[in-house]
Amino acid sequence: MLIVSQRHRRTEFIMRYPLAVGLLLLLAFSACVQHTGTTVTPIPASTSENQTEIAFAEARNKMVEGQIRGRDITDPRVVSAMAKVPRHRFVPPECLSEAYTDHPLPIGYGQTISQPYVVALMTQHLALRPREKVLEIGTGSSYQAAILAELTDQVYTIEIIEPLGQQADATLKKLGYNVHCKIGDGYYGWQENAPFDAIIVTCAPDHVPQPLLKQLKDGGRLVIPVGPPGYYQTLWLIERKDEQFQSTNLGGVAFVPMLGEH
Ligand code: SAH
């Protein structure tokens, strides 16, 4: 049974700025080339590979200062992970110049890589300790999976769109991340590897999948957006204590819908 707690934690991007959230959603569904706004940090294309990497590192530091530490991300391990993972290696080539900007980006198949701040916020609420086992639903670009892999050595991730899952697996391997990837419907979790200390869902179902609750350890945390497709959802932190589940509303968000028949 779910007990909805009265603790409502407010976050930057949420209901206070529904217009901004709507705009982010719009941006997510348009190709990168179509929105070359003033927020873009230009990455020169003609410099040598080394210089380009230095430019990306600078853009990443700026992202961490402004979008991560400058907001309410205080967990030093999460901040370090955001500072370390090369986000530009997870975005499509046409979006390279926008890799470190403050919004989601298209990754093909109608899917998106989340805004850096949202990745950091969800990760912070997972409160992962080293060697804890974490499951992600919605591998996508695998950027979130790489962030998780900086925090623990037991990362499992499921993607329903096969080509995306295959590409994600290849990206993670190329960068040296040891993440267990699977193609399938994440609604049902990953029973063979359950239970998990933490589960993060990066697509939005219209209800909390019961299999995911069952696959949480006692003391486990589930971070999940829940709500109708194509609109705002509510981000929840659900903590398991024995057979009880305590839910905390983390605010309004806009995610792509969870696919599959449930
Ligand atoms: N975490 C990703 C964000 C991906 S967007 C990243 O860091 O880039 C959400 C992803 O969830 C999409 O790739 C989508 O295909 C996937 N998805 C949607 N429904 C799913 C389901 N039922 N099971 C597993 N993955 C799903």
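**Shell, core and turns in a predicted model**

Me: How many residues of each class does the shell around the ligand have?
Reply: The shell has twelve nonpolar, ten polar and two charged residues. This is a predicted model, so every value here is computed from it.

Me: Which residues of the shell are closest to the ligand?
Reply: 24 residues surround the ligand. The closest are Gly138, Gly140, Ser141, Gln144 and Gly186. Glycine counts as polar here, so Gly138, Gly140 and Gly186 fall in that class.

Me: Which elements give two or more residues to that shell, and which gives the most?
Reply: Strand E3 (111-113), helix H5 (143-149) and strand E5 (154-159) each give two or more. E3 gives the most, with three residues.

Me: What makes H4 largely enclosed?
Reply: Ten of its eleven residues are buried, so the rest of the structure largely encloses H4. A residue is buried if 20 or more other C-beta atoms lie within 10 Å of its own. In H4, Pro116, Tyr117, Val118, Val119, Ala120, Leu121, Met122, Thr123, His125 and Leu126 are buried. Ala127 follows H4 and has a positive phi, near 50 degrees.

Me: Which helix gives the largest share of the largest nonpolar core?
Reply: Helix H4 (residues 116-126) does, with seven residues. The core has 68 residues. Among the members that touch the most others are Met82, Ala120 and Ile147.

Me: What does Ile147 touch?
Reply: Leaving out residues up to four places away in sequence, Ile147 touches Ala81, Met82, Val85, Val119 and Thr123. Contact requires C-beta atoms within 7 Å.

Me: How do you know that the buried residues of H3 are on the same side?
Reply: Helix H3 (residues 76-84) has Val78, Ala81 and Met82 buried. They cover an arc of only 100 degrees around the axis, which puts them on the same side of H3. What covers them includes helix H2 (49-69), H4 and H5. Pro76 and Lys84 are exposed, on the face turned away from the buried side.

Me: Why is Tyr109 called partly exposed?
Reply: Tyr109 has 14 other C-beta atoms within 10 Å. Exposed means 12 or fewer, and buried means 20 or more, so a count in between is called partly exposed. Tyr109 is therefore partly exposed. Its loop runs between strand E2 (105-108) and E3. Phi of Tyr109 is positive, near 60 degrees, in a residue other than glycine.

Me: Why is Asp242 called exposed?
Reply: Asp242 has 7 C-beta neighbours inside 10 Å. The limit for exposed is 12 or fewer, so Asp242 counts as exposed. Asp242 lies in the loop between E9 and E10. Its phi is near 55 degrees, again a positive value in a residue other than glycine.

Me: How do you know that E9 and E10 pair?
Reply: Strand E9 (residues 233-241) and strand E10 (residues 244-253) share nine bridges, in the antiparallel sense. Pairing needs at least two bridges, so they count as paired. One bridge partner is Asn249 in E10, set against Trp236. The hairpin has two residues between the strands.

Me: Where is the cis peptide bond that joins Ala194 and Pro195?
Reply: Pro195 is in the loop between strand E6 (179-183) and strand E7 (196-201). Omega of the cis bond is about 5 degrees.

Me: How many helices and strands does the protein have, and what share of its residues is buried?
Reply: The protein has seven helices and ten strands. Buried residues make up 45% of its 262 residues.

How values were computed: Residues are numbered from 1 along each chain as its sequence is written. This is a predicted model: local features need pLDDT of at least 70, side-chain atom pairs count only at pLDDT 80 or more; totals for chains, interfaces and linings use all residues. Helices (H or I, at least four residues) and strands (E, at least two) are DSSP runs, numbered from the N terminus. A residue is near a molecule or strand if its C-beta atom, placed from the backbone, lies within 6 Å of it. A nonpolar core is a set of buried Ala, Val, Leu, Ile, Met, Phe, Trp, Tyr and Cys residues joined through C-beta atoms within 7 Å. Two residues are in contact if their C-beta atoms, placed from the backbone, lie within 7 Å. The arc is that of the directions from the helix axis to the C-beta atoms.
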